[in-house]
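This report describes a single protein chain, going from one helix outward to its surroundings and then to the backbone. Please keep the sequence and the model open while reading.

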Amino acid sequence: MTPTSISGEIPVSLPDPQNQNQVDIFIAGSGSAGICAATWLARCGLRCKIVDWRPGPLEVGQADGVQCRTVEVFESFGIGEELVREGYWVNEVVFWGDREREGGKDGNGGRGIVRTGRAPDREEGVSHLPHVILNQARVNGLLLEAMKRFNGQVVDYDTSVTGVHVDSEKAADPDAYCVTINTVRHGNQEVFKAKYVLACDGAHSAVRKSLGFKMIGDSTDSVWGVMDVYPRTNFPDIRLKAVLQSRAGSLLIIPREGGSLVRFYIELPSGTTAKDVKLSDLQASARKIFHPYELEIADTYWWSAYSIGQRLADHFSKDNRVFLTGDACHTHSPKAGQGMNVSLQDGYNIGWKLAAILKGQARPSLLQTYNLEREKVAADLIAFDREFAKAFASKESIKDGKAEKKFSELFVQAGRYTAGLMAKYRESPITKAELSTQGLARELVVGMRFPSAQVVRYCDAKAMQLVKALPADGRWRIVIFAGDLRLEAPAGRLKMLASYLSSPKGPVYKYTPAGADIDSFIEPILVLSGQRTQIKQEQIPDYFWPITGKYRIRDLHKTFVDDESYNSGHGEAYEFYGVDPEVGAIAVVRPDQYVSLIVGLDDVEVVGKFFDGFAVGRPRSDQFDLEDIVKNGLKDLNYLMKKSI
């Protein structure tokens with residue numbers, strides 16, 4: 001019998017205790033991608049070796065924009081409230097252009113910037129969470145605190161990776177520690193052996209270089225400066241995200257948290273060399289662009305200068321054992337606010353997959369989907385960044401406003417993209433558009449993230465966002481839109497679905513280990529329509545309120561109602577997702593909240609076929625029946641172990 005805990009945690013193969021330098025996962029770099037992946041692993045109860053060359057945590061971050069999708073990621077880890085509370089909310093963007101101003105009497109012919117338009121920062125309803133601004137050091141700090149809280153995971157600082165080598169012959173053995181990592185700590189060399197390595201060590205990645213991978217792309221002649229300052233100014237929109245385009249150059253204003261600090265991205269004159277730029281040059285350029293408004297810099301918190309480069313690695317992985325993430329495989333300009341976000345989401349994508357493989361839930365081939373999914377995201381980002389940066393800096397026909405109009409239109413059109421909500425993953429073993437009936441849930445797109453709508457939880461009448469029922473804990477979800485159980489047809493379909501899912505031929509029985517909670521790998525989420533108070537608990541099949549946990553108590557928190565409740569429910573979730581309540585739908589949702597499959601309530605065997613494509617079955621006793629858990633419950637672990645022997 002395979003030993004398990006009552007909560008479903010499965011012991012994984014452990015490194016040789018005699019070899020302390022043998023680890024399952026080695027993460028090089030504690031930037032956004034590295035610590036996000038480490039947080040995933042910690043949330044799933046797994047430890048890794050994560051190192052960074054810095055002497056300690058990041059103190060001053062260069063990135064600050066936290067797009068809506070990243071805020072959703074933090075919410076999935078249970079740390080979204082801190083991020084939203086501490087950050088500056090970006091609600092509106094204003095556009096300023098170069099014009100002849102009335103009454104101008106100065107030597108510049110009365111020209112200067114004037115407000116030419118404004119727009120919401122994002123479309124209404126695209127996310128239930130805002131776009132915020134928060135220093136990258138604090139963003140990283142929230143993840144560091146979370147992973148330490150989850151399982152004590154910490155970063156080993158003052159450790160540099162000098163080289164990585166993969167034994168390609170051994171890589172075919174999933175249990176082999178086939179990756180050798182050479183490191184230096186306090187002048188002492190140390191060698192590690194790992195099953196998997198994540199290169200999260202930035203644009204100058206030592207891991208990438210040691211593998212011989214190249215960055216393909218180029219730098220432009222355009223040089224930009226960035227500075228975080230405390231400005232004294234009469235410019236009226238200093239606390240709004242603002243785009244200034246003038247004959248003196250272009251400037252982007254990003255208000256920062258705290259109420260006084262502001263970030264300026266400043267286009268510098270043609271012919272400028274980044275390494276020769278001084279702080280005084282940035283300040284002088286900013287004052288010219290702000291004309292006729294006054295600008296005095298009271299203090300500068302941080303500043304830098306750089307030339308724009310858009311580059312993409314020629315390979316994202318080696319032998320399905322070493323994976324590049326973040327700036328190690330894609331670099332671009334910072335003005336669209338995508339860098340930290342896309343890097344962090346690289347880690348979010350691969351973290352749960354590594355956990356699933358190490359816990360024996362999925363085949364190692366699952367990792368091939370990282371390349372399939374994130375290479376396209378990176379390539380799309382490079383293409384977008386080229387267009388965005390060019391439009392932002394354009395002086396074409398600036399005197400009649402064509403340039404800033406073009407940019408403002410591009411900004412509005414790209415709103416969903418810059419919010420991080422347009423990534424669509426391709427067909428793969430875990431993204432099955434070809435098996436789906438997309439029309440059953442028109443607004444739940446296979447390959448895209450599961451958006452959130454407000455519903456009412458059945459057991460306690462709590463109005464809440466449905467996505468909060470899908471936290472990042474490594475579990476798959478089968479979200480079932482069953483309709484109104486007061487009607488005979490929906491009630492009958494749901495009963496048949498529950499019977500299949502809890503039967504020996506269903507995926508729950510196949511892929512949940514004996515002794516684990518019924519919902520430890522695949523969790524059902526039931527969304528009903530109709531009036532909550534007219535639905536009886538007994539109408540809901542037992543499978544949707546199973547006996548789980550240490551105390552063997554029924555979990556009543558899996559059922560929700562799209563109800564116009566007296567306590568804030570709005571009854572529009574079915575409409576929001578494009579589901580007909582008389583027909584219903586099933587959506588299979590990945591641990592990272594992306595939609596894998598959409599089928600009808602009668603297409604239950606398609607759900608089983610989907611999980612057969614990647615999941616790993618568990619040894620279980622012939623005497624053990626998952627239906628027994630659902631119908632009768634198990635009093636304690638001792639009873640379970642006696643029953644399964």
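Helix H1 is largely enclosed by the rest of the structure, because 11 of its 12 residues are buried. Buried here means under 20% relative accessible area, exposed means over 50%, and partly exposed lies in between, with a 1.4 Å probe and protein chains only. Helices (H or I, at least four residues) and strands (E, at least two) are DSSP runs, numbered from the N terminus.

The model is predicted: local features need pLDDT of at least 70, side-chain atom pairs count only at pLDDT 80 or more, and totals for chains, interfaces and linings use all residues. Residues are numbered from 1 along each chain as its sequence is written, and side-chain values use heavy atoms, with hydrogens and water left out.

## Helix H1 and its cover

The buried residues of H1 are Ser32, Ala33, Gly34, Ile35, Cys36, Ala37, Ala38, Thr39, Trp40, Leu41 and Ala42. Their cover includes strand S1 (22-28), strand S2 (49-51), H4, strand S10 (188-199) and helix H7 (339-358). H1 covers residues 32-43, and at 1.5 Å a residue its 12 residues should span 16 Å, which agrees with the 16 Å between its end C-alpha atoms. The expected span is 1.5 Å times one less than the number of residues in the helix. Just after H1, glycine 45 has a positive phi of about 80°.

Two residues of helix H7 show how this helix is placed. Serine 343 lies in H7 and counts as buried at 7% relative accessibility. Not counting residues up to four places away in sequence, serine 343 touches Ser32, Ala33, Gly326, Asp327 and His330; a contact means heavy atoms within 4.5 Å. Isoleucine 350 is also in helix H7, and at 0% relative accessibility isoleucine 350 counts as buried. Leaving aside neighbours within four places in sequence, isoleucine 350 is in contact with Ala37, Leu198, Phe323, Leu367 and Tyr370. Tyrosine 370 is 20 residues from isoleucine 350 along the chain, and their C-alpha atoms are separated by 6.2 Å.

## Cavities

Rolling a probe the size of a water molecule over the atoms shows where empty space is left. On a 1 Å grid over the protein atoms alone, a cavity is a set of points where a 1.4 Å probe fits but cannot get out, and lining residues have an atom within 4 Å of a point. Grid points are joined across faces, edges and corners, and a volume is the space filled by probe spheres set on the points.

The structure holds 3 cavities of 30 Å³ or more, and the largest has a volume of about 60 Å³. Its lining consists of Ser30, Ile35, Arg54, Gly56, Pro57, Leu58, Ala137, Asn140, Gly141, Leu144 and Tyr157. Helix H4 (residues 136-151) gives the largest share of this lining, 4 residues.

## Backbone and long-range features

Most residues other than glycine have a negative phi, and most peptide bonds are trans. The table lists two residues with a positive phi that are not glycine.

| Residue | Phi | Place | Relative accessible area |
|---|---|---|---|
| Histidine 186 | about 50° | loop between strand S9 (179-185) and S10 | 58%, exposed |
| Arginine 552 | near 55° | loop between strand S23 (547-548) and strand S24 (553-554) | 11%, buried |

The peptide bond from histidine 291 to proline 292 is cis, with omega near 15°. Proline 292 sits in the loop between helix H6 (279-290) and strand S15 (295-313).

Glycine 65 belongs to strand S3 (residues 65-66) and is buried, with a relative accessible area of 11%. Glycine 65 and isoleucine 133 are 68 residues apart in sequence, with 4.7 Å from C-alpha to C-alpha.

## The chain and its confidence

The protein chain has 16 helices and 27 strands, and 58% of its 645 residues count as buried. Among contacts with a separation of 6 or more, 73% are between residues 24 or more positions apart.

The chain averages a pLDDT of 88, and 87% of the residues score at least 70; pLDDT is the predictor's confidence in each residue, from 0 to 100. Over residues 1-14 the pLDDT is below 50, and this stretch has 39 contacts beyond near neighbours in sequence in the model. Residues 621-645 also stay under 50, and the model has 46 contacts for them beyond four places in sequence. Where pLDDT is low, the predicted coordinates should not be read in detail.

How values were computed
On a 1 Å grid over the protein atoms alone, a cavity is a set of points where a 1.4 Å probe fits but cannot get out, and a pocket is an open set with protein on both sides within 12 Å along at least five of seven lines; lining residues have an atom within 4 Å of a point.
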